[in-house]
Amino acid sequence: MGKYFGTDGFRGEANVDLTYDHAVKIGRFLGWYYGVNQDRKCKVVIGKDTRRSSYMFEYALTAGLTASGADVYLMHVTTTPSVSYIARTDGFDCGIMISASHNPFYDNGIKLINGKGEKMDEETILKVEAYLDGAAPEVPMAKRENIGVTVDYAAGRNRYIGYLISLATRSYKNMRVGLDCANGSAWQIAKSVFDALGAKTYVINAEPDGSNINTNCGSTHIEVLQKYVVDNGLDVGFAYDGDADRCMAVAETGQLIDGDLILYICGTYLKERGELRNNTIVTTVMSNFGLYKALDDAGIQYEKTAVGDKYVYENMVTNGHRIGGEQSGHIIFSKYATTGDGILTSIKLMEAILETKLPLSKLAEPVTIYPQKLQNVRVKSKPEAQNDPDVQAAVQAVAEALGDSGRILVRESGTEPLLRVMVEAKTDEICDQYVAQVVDVIRRKGHEAE
């Protein structure tokens, strides 16, 4: 990770951590960088979520890009995976998504996507950061006919909707489906897809006002959709985050179907049809113990990566795996997409339900999720807290006490100044006890920030 860009872009409070000036400079550098060695103008596609500040960053990036000679295509309010899809299918040099994903409305972020629809490579990110810090030469201004233009590209969003519809294997007629759009990017796209496929669609949290994105809704507040599904007798529900690159599902019983259960359901479905390439699912180190036990029982292999769908995707590309993801709902189907895609995940779950003729609760039944306690500790320095010998000793003591009946994981957040302490064990009480032990050491050693 660089100084500004974490595992999922440059993210922070708008005009505090991430400013208008940052956006202009990012645009200035990328417009020059992708155009300098070409005999044509650089082409960049931009999408944004529904945050109030997204409009400011859209215009700032556009100003910087066109000033450096790039032509800019605006998809307007759309999802991160749609920008990824259009970047790779329509011949763009790169894509930019303006979103802070599941963060509160006052945060925002800039996600950079390469021409293959993948997250930008580290080498290019470091060059962008060097320019932001004034450690790279100033780039020239474009002049006369070389100044870039801006093009309305809402048609790209519609083509993405068409692509999603084309992936469905059956009609959704007579299926009662709930959608929680988090007042974010999916607020129009998700309903369009499910309506076109014939579902009886029930939509909540699809009235964005610039400041209500993710507020008591969406994948980070799944209890809202759980109640809605049960109260309205729906067959299934899907909840997205602000930029719709993740999905959490709700079974007809109100049961939460998180990323781990989605991986199990879709992975076993693919295996039964001989389509699970390498007989392997890619997870992160945060996946639940119960998932691994269920995969062992199903005869499915798995690999573990660092947290971040970026690392999941890299593993999948390197090894040719077809499905991977995170507990948080970032699920990647590499045959169809190069990034996590919440609406695509919904479509693949619908396929499993319709083809097996089983409800989501039944498909998830073989997995017993272990109790888990995760506590975030805001720290002064993530590396210093993580590498403190006393903290490490406390973690090791818990690991030895748990043995084969659970696990402990302490890791640094990729986007915030947090140390995340997670324990999985047979009971909530054991989880609470061991998390408290480690957090107490972090605090006693003076690592906690005020």
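1. Let's start at the beginning of helix α8, where a side-chain oxygen of D258 comes to within 3.1 Å of the backbone nitrogen of D260. That fits the rule for a polar contact (a pair of N or O atoms within 3.5 Å; within protein, one must be able to donate a hydrogen and the other to accept it, and residues adjacent in sequence count only if both atoms are side-chain atoms).

2. A word on what you're looking at: this is a predicted model, in which local features need pLDDT of at least 70 and side-chain atom pairs count only at pLDDT 80 or more, while totals for chains, interfaces and linings use all residues. Residues are numbered from 1 along each chain as its sequence is written, and side-chain values use heavy atoms, with hydrogens and water left out.

3. Back to α8, which covers residues 259–272. Helices here are DSSP runs of H or I with at least four residues, strands are runs of E with at least two, and both are numbered from the N terminus. α8 has 14 residues and reaches 20 Å from its first C-alpha to its last, close to the 20 Å expected at 1.5 Å a residue (1.5 Å times one less than the number of residues). After the helix comes G274, with a positive phi near 70°.

4. Is α8 mostly covered or mostly bare? Mostly covered: 12 of its 14 residues are buried (under 20% relative accessible area, with a 1.4 Å probe and protein chains only). Among them are D260, L263 and Y269.

5. Next, the cores. A nonpolar core is a set of buried Ala, Val, Leu, Ile, Met, Phe, Trp, Tyr and Cys residues joined through side-chain atoms within 4.5 Å. The largest one has 66 residues, and F194, F238, Y240 and L360 touch the most other members. Another core, of 31 residues, lies apart from it and includes F5 and M120.

6. Now the open space. The largest pocket has a volume of about 1100 Å³. Of its 39 lining residues, R246, V307, S328, R411 and R420 are the closest to its centre. On a 1 Å grid over the protein atoms alone, a pocket is an open set of points with protein on both sides within 12 Å along at least five of seven lines, and lining residues have an atom within 4 Å of a point. Strand β17 gives the most to this lining, with three residues.

7. Finally, a closed space: the largest cavity (points where a 1.4 Å probe fits but cannot get out) has a volume of about 200 Å³. Its 19 lining residues include T7 and M120, which are among those nearest its centre.

Terms used:
Buried means under 20% relative accessible area, exposed over 50%, partly exposed in between (1.4 Å probe, protein chains only). Grid points are joined across faces, edges and corners, and a volume is the space filled by probe spheres set on the points.
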